[in-house]
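Work through these exercises with the model open beside you. Try each task before you read its solution.

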Amino acid sequence: MTIITNWTKKMSASFRKSVFTFSHDLASTGLFTDSALIKLIEKHPDELTDVCTMGPASDTRYPNKLRTGDFRDSTAEELFQAAKTGKVWINLRKAMNVHPEYSLVLDQMYSGIAKNTGKKPFNANGGILITSPVAKTPYHFDKTETILWHVRGPKRIFFYPIEEKFISDESYEQAVTNMLEDDLPYDPSFDEDATFIDLAEGQAVSWPLSAPHRVDNHGFCVSVTTEFSSKESALKNAAMIANATLREKFGVSPSWTKQSPINRLSKSILGIALKKTKLAVSSQHADYVTFKVDTMAAGSVVDVEPYERNF
Ligand SMILES: [Fe+2]
């Protein structure tokens, strides 16, 4: 089966260097229909399932902040309906890896890219996003090399320049020292420098490492998000961990953006060593549940007293 349907030589040259779209035929696998997705939600492990809703944000720099929900009292069908008609957003993390019928497709997706770009096979992870008509993914960047494979519904993605104004070294450091976070502080004036793409069903988008972006749904959507670690992403993240540690523990103000390539490499080596010795700074915090899914409630969301996620 060929999943990628229109890859060109120009795309091979642009891969991970600029934003571009290509076409795919994931829908023809039959794995993304309503009934297939309900079956998938049913069997996907709770610990790899995130059910979220959006804001309101307590900090205006982080609009549409995602909130964590407890979904364990809902059936798979109810959860799917909550995403289809409510204000709920489902992320089935690693769904493309842990279920054989989906992992076969993930292999096809990335073997197509490896063949086209002449690279070694990629060790990719893939999740499935089942998202409400009103879902908005907050302004953020991804710590690894990501592709969004859009399958169903109308979705708009905005991209912003990879510059200090839009992604400061300090905000990158905060995200890279916290496994749960990749949000960046956002200002509406950033949109003057943004470009956007209205993704059609069957269209995928690829972008350069750490490009800030955000997503607005214009209807119920289903997408696959895939990511892999590259040498470039691993070295950059390690250097940022080193800089975060120097900033917090030694009071210095390092700048990845202004550093020379050799300085960046030495920071990467330091970051890798710090991680091994557990001296690296961490801003990890607990994940708190703030709502429960209830299809009888408005938007299928019922607020609860916050409690730590333990499932
Ligand atoms: Fe992203």
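**Exercise 1. Name a helix that covers the buried residues of helix 8, then work out how helix 8 sits.**

Step 1. Start with the ground rules. The model is predicted, so local features need pLDDT of at least 70, side-chain atom pairs count only at pLDDT 80 or more, and totals for chains, interfaces and linings use all residues. Residues are numbered from 1 along each chain as its sequence is written.

Step 2. Find the cover. It includes helix 7 (231-250). Helices (H or I, at least four residues) and strands (E, at least two) are DSSP runs, numbered from the N terminus. Two residues are in contact if their C-beta atoms, placed from the backbone, lie within 7 Å.

Step 3. List the buried residues. In helix 8 they are K267, S268 and G271. A residue is buried if 20 or more other C-beta atoms lie within 10 Å of its own, exposed if 12 or fewer, and partly exposed in between, with C-beta atoms placed from the backbone.

Step 4. Look down the axis of helix 8. Its buried residues fall within an arc of 110°, so they line one face of the helix. The arc is that of the directions from the helix axis to the C-beta atoms.

Step 5. Turn to the face away from the buried side. There helix 8 carries the exposed residues I262, K276 and T277.

**Exercise 2. What should the 17 residues of helix 8 span, and what do the end C-alpha atoms give?**

Step 1. Take the rule: the expected span is 1.5 Å times one less than the number of residues.

Step 2. Apply it. Helix 8 (residues 261-277) should span 24 Å.

Step 3. Check it. The end C-alpha atoms of helix 8 are 25 Å apart, which agrees.

**Exercise 3. Which residues of helix 3 are buried, and what do they pack against?**

Step 1. Helix 3 (residues 76-85) has L79, F80, A82 and A83 as its buried residues.

Step 2. Seen down the axis of helix 3, these fall within an arc of 155°, so they line one face.

Step 3. They pack against helix 2, strand 2 (49-54), strand 4 (89-92), strand 5 (125-131) and strand 13 (288-293).

Step 4. Follow one contact. Leaving out residues up to four places away in sequence, A83 touches V88, W89, I90, I130, T131 and S132.

Step 5. Now view W89. It is found in strand 4. With 25 C-beta neighbours inside 10 Å, W89 counts as buried. Beyond four places in sequence, W89 touches C52, T53, A83, T131, S132 and A135.

**Exercise 4. Where does the largest nonpolar core lie?**

Step 1. Define it. A nonpolar core is a set of buried Ala, Val, Leu, Ile, Met, Phe, Trp, Tyr and Cys residues joined through C-beta atoms within 7 Å.

Step 2. Count it. The largest core has 69 residues, and those with the most contacts inside it are L79, A83, V88, I90 and I130. Its largest share, 6 residues, comes from helix 7.

Step 3. Place it. Domain 1 (9-230 + 287-308) and domain 2 (236-277) both give residues to this core, so it lies between them. Domain bounds come from an automatic or database domain assignment.

Step 4. Examine the two domains. Taken over C-alpha atoms, the centres of domain 1 and domain 2 are separated by 28 Å. Their contact takes 7 residues from domain 1 and 9 residues from domain 2.

**Exercise 5. N64 and S300: which is buried and which is partly exposed?**

Step 1. Locate N64. It is in the loop between strand 2 and strand 3 (66-70).

Step 2. Classify N64. It has 19 other C-beta atoms within 10 Å, so it is partly exposed.

Step 3. Locate S300. It is in the loop between strand 13 and strand 14 (301-308).

Step 4. Classify S300. It has 27 C-beta neighbours inside 10 Å, so it counts as buried.

Step 5. Add the backbone angles. Most residues other than glycine have a negative phi. N64 has a positive phi of about 60°, although it is not a glycine. Phi of S300 is positive too, near 65°.

**Exercise 6. Is V252 buried or exposed?**

Step 1. V252 is in the loop between helix 7 and helix 8.

Step 2. With 9 C-beta neighbours inside 10 Å, V252 counts as exposed.

Step 3. Not counting residues up to four places away in sequence, V252 touches L246 and R247.
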